[in-house]
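Me: Could you take a close look at one part of this structure for me, the enclosed space inside it and what surrounds it? I would also enjoy hearing about the charged pairs elsewhere in the chain.

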Amino acid sequence: MLKAFDANMAAHALRLARDTLQNEAEAIASLNARLDADDSVVQAIALLLNCKGRVVVSGIGKSGHIGRKIAATLASTGTPALFVHPAEAAHGDLGMVTADDAFIAISYSGESAELMTILPVVKRMGSKVIAMTGKPGSSLAEIADVHLNVAVAKEACPMNLAPTTSTTVTLALGDAIAVALLDLRGFKEEDFARSHPGGALGRRLLTHVRDVMRSGDAVPQVTADVKLTDALLEITQKGMGMTAVVDADGKPIGVFTDGDLRRMIEKVQDFTKVVIRDVMHANPRTISPEKLAVDAVAVMEQFRINQMLVTDAAGKLVGALHIHDLTRAKVI
């Protein structure tokens with residue numbers, strides 16, 4: 001049966017939530033203050049930066065969940081990393097680890113039986129070990145090449161039992177190390193995009209004009225001597241709301257759009273007598289197929305246009321872009 005959630009319960013719940021956030025914030029601040037008196041974090045960063053293989057992260061229970069996040073953050077920011085479950089490692093998955101790898105073992109007590117079973121083997125094969133524990137005198141801390149102290153005064157749990165503050169501090173330190181490595185490796189937005197091709201940033205930084213432009217017969221184009229009526233037929237057939245006007249070498253010399261047609265209706269009585277060169281816009285905006293699609297978006301927004309022509313290094317028309325093409329590709 002559900003309890004009635006009255007005002008007193010709401011106030012009590014909010015107080016506990018605030019206390020938890022305050023507890024965890026103070027623990028992170030305390031860890032930050034300890035860094036000045038302890039060079040272990042710098043040692044760990046140097047070890048990981050010089051690692052010739054991958055970073056293998058391991059832990060069990062809540063520490064395992066934090067370990068997976070740390071491994072994922074490292075991998076997505078330029079440091080090859082993976083998570084290995086210690087129990088599975090003892091039954092074959094330790095074969096994933098090589099002498100060139102660095103091994104991060106996470107256990108707040110520093111006495112995890114699953115980790116202590118595999119770490120002697122990891123050490124014998126030559127891997128360097130970084131331990132993240134809350135007990136500097138623990139077995140795990142003693143066996144490690146570098147020990148990172150993530151001790152907290154108390155857990156946010158009212159019973160001081162459930163891993164809460166300790167896991168938050170461990171995760172925060174993992175993030176701090178990953179960010180330091182990111183910068184030291186010269187990791188850029190483009191690198192981040194390559195490891196996140198399905199995300200918005202990946203689409204923005206990895207999608208080129210050539211990937212979304214229309215090409216071949218899909219590109220509306222006419223020569224300068226055709227009648228306006230023929231140009232309108234080309235616009236209608238190709239469905240881009242415009243046509244390029246090209247010279248004998250296939251280089252665009254102008255463009256004519258639906259908007260131009262609407263503006264002509266009140267001025268021209270007989271469209272059959274109009275030649276396209278007389279009504280086209282000369283010197284149209286163009287872009288290279290090698291440019292990023294976001295560059296095309298910037299030009300379109302700057303000049304308030306919905307279409308752009310794409311030209312190669314020789315200036316020949318090779319494609320066309322409509323704002324809708326960029327929208328479908330989720331570039332904008």
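Reply: Happy to. The largest cavity encloses about 40 Å³ of space, and this is a predicted model, so please read everything here as computed from that model. The structure holds one cavity of 30 Å³ or more.

Its lining is made up of L48, I70, L74, I104, M132, G174 and I177. By elements, α3 and α7 are the ones that give two or more residues to that lining. In character, the lining residues divide into six nonpolar and one polar, with no charged residue. The polar one is G174, because Gly is counted among the polar residues.

The helices α3 and α7 come up again when we turn to charge. K69 and D175 meet through their side chains in a salt bridge, at 3.2 Å from N to O. K69 belongs to helix α3 (residues 62-76) and D175 to helix α7 (residues 165-184), so this pair ties together parts that are 106 residues apart in sequence. Both partners are partly exposed: K69 has a relative accessibility of 35%, and D175 has 27%. So α3 and α7 give residues to the cavity lining and are also tied together by this pair.

Now for the wider setting. Side chains of opposite charge can pair when their charged atoms come close. Across the whole structure, a search finds nine salt bridges. One of them joins D101 and R54, at 3.6 Å from N to O. Here D101 sits in the loop between α4 (86-89) and β3 (102-106), while R54 sits in the loop between α2 (40-49) and β1 (55-59), so the pair ties together parts that are 47 residues apart in sequence. The two ends of this pair differ in their surroundings: D101 counts as buried at 4% relative accessibility, whereas R54 is partly exposed, with a relative accessible area of 32%.

A further pair stays within one helix. The side chains of D325 and R328 form a salt bridge at 2.5 Å, N to O. Both residues lie in helix α14 (residues 323-328), three residues apart, which is about one turn of the helix. D325 counts as buried at 6% relative accessibility, but R328 counts as exposed at 57%. This pair also has company, as R214, D325 and R328 are linked in a network of salt bridges.

How values were computed: Residues are numbered from 1 along each chain as its sequence is written. This is a predicted model: local features need pLDDT of at least 70, side-chain atom pairs count only at pLDDT 80 or more; totals for chains, interfaces and linings use all residues. Side-chain values use heavy atoms; hydrogens and water are left out. A salt bridge is a side-chain nitrogen of Lys or Arg within 4 Å of a carboxyl oxygen of Asp or Glu. Helices (H or I, at least four residues) and strands (E, at least two) are DSSP runs, numbered from the N terminus. Buried means under 20% relative accessible area, exposed over 50%, partly exposed in between (1.4 Å probe, protein chains only). On a 1 Å grid over the protein atoms alone, a cavity is a set of points where a 1.4 Å probe fits but cannot get out, and a pocket is an open set with protein on both sides within 12 Å along at least five of seven lines; lining residues have an atom within 4 Å of a point. Grid points are joined across faces, edges and corners, and a volume is the space filled by probe spheres set on the points.
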